[in-house]
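Hi,

Here is the structure I said I would pass on. Have a look at it first, and my notes follow underneath.

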Amino acid sequence: MDRGLYLASVFLITIGLLGVWLGAFAGVSESFIEMTPPSLAVFLLGLFLLPIALFKGGPPTADAYVPIAFLFVLGFLLIGWGFMFGGEGETVILGTQEMYLVMTEYAFNYTNPDIAVYQNYLIRVTLDNKGEVQHSFMVLGVSEDSGYIDPDQVYTVEFVINQDPGVYEYLCTVPGHREAGMYGTWIIQEPPENATATGE
Ligand SMILES: [Cu+2]
């Protein structure tokens with residue numbers, strides 16, 4: 001057995017497995033998804049080198065199989081975990097949309113404009129509270145509540161649009177503010193036809 005090559009292949013398999021898991025199953029971030037093909041290559045290279053290392057110069061000793069058994073268990077756990085809890089990761093992010101919203105009493109961008117976004121896009125909203133009181137931002141059924149944002153505070157929220165195309169509502173969740181008019185229409189559209197999984 002070639003011990004150096006053996007350790008190198010176990011290392012490559014571990015790194016590759018982790019990368020594939022982060023990208024394909026657990027990741028919602030574009031950078032992790034982009035990591036999937038190179039991670040898979042690293043994983044396969046490790047798998048290819050492992051038997052070469054094991055059988056070089058005679059049959060391998062029994063203890064050489066312990067890390068391999070460990071890797072198999074780890075692999076099953078990671079991928080099982082990914083399937084169970086990585087639902088978000090199944091959304092392929094096609095691109096990023098950024099927007100800037102000024103919050104005042106009692107509107108977003110003074111007129112509560114209709115906001116159109118694409119399905120399967122990462123949305124980055126910069127919230128700038130230029131008002132006199134706290135405000136918040138939420139898209140009903142789409143995003144989480146930003147929490148209260150103080151006057152003069154700028155706060156950024158990010159979320160992935162994995163809901164169906166349709167009409168939703170964005171609003172300020174501070175009590176009384178929606179009633180005072182602080183809400184607008186949020187439209188989810190089909191992604192553009194030329195969108196690719198690598199983003200823009
Ligand atoms: Cu408000």
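Let me start with a loop residue: Asn120 counts as partly exposed, because it has 18 C-beta neighbours inside 10 Å and the cut-off for buried is 20 or more. Keep in mind throughout that this is a predicted model. Asn120 sits in the loop between strand 3 and strand 4, and its phi is near 65°, a positive value in a residue other than glycine.

Asn112 is a similar story. Its phi is also positive, near 45°, and again the residue is not a glycine. You'll find Asn112 in the loop between strand 2 and strand 3. With 17 other C-beta atoms within 10 Å, Asn112 is partly exposed too.

One more backbone oddity to check while you're there: the peptide bond from Glu105 to Tyr106 is cis, with omega near -10°. Tyr106 belongs to the loop between strand 1 and strand 2.

Now the sheets. Strands 2, 1, 4 and 6 make an open sheet, in the order 2-1-4-6, with mixed pairing. Strand 2 and strand 6 are at its edges with a single partner strand each, so one side of each has no neighbour in the sheet. Strand 6 is joined to strand 4 by seven bridges, and the two run antiparallel; Ile123 stands opposite Phe159 of strand 6 there.

Strand 7 has two pairings to look at. With strand 8 it forms six bridges in the antiparallel sense, and Val167 faces Ile187 of strand 8. With strand 5 (residues 138-139) it shares two bridges, also antiparallel, where Val139 has Tyr170 as its bridge partner.

What about the inside? The largest nonpolar core has 28 residues, and Val117, Tyr121, Leu127, Phe137, Ile161 and Tyr170 have the most contacts inside it. Several strands each supply at least two of its residues, among them strand 1 (95-104), strand 3 (115-118) and strand 8 (183-189). Strand 4 gives the largest share, five residues. Apart from this core lies another, of twelve residues, including Val20, Trp21, Ala24 and Ala53.

Which residues does Leu127 touch, leaving aside its neighbours within four places in sequence? They are Leu101, Met103, Phe137, Ser146, Ile149, Val154, Tyr155 and Val157. Tyr170 is worth a second look as well: it is on the list of residues with the most contacts in the largest core, and it is the strand 7 partner of Val139.

Cheers

Notes:
Residues numbered from 1 in each chain as written. Predicted model: local features only at pLDDT ≥ 70, side-chain atom pairs only at ≥ 80, totals over all residues. Core = buried A, V, L, I, M, F, W, Y, C linked by C-beta atoms within 7 Å. Helix = DSSP H or I, 4+ residues; strand = E, 2+ residues; numbered from the N terminus. Contact = placed C-beta atoms within 7 Å. Pairing = 2+ DSSP bridges.
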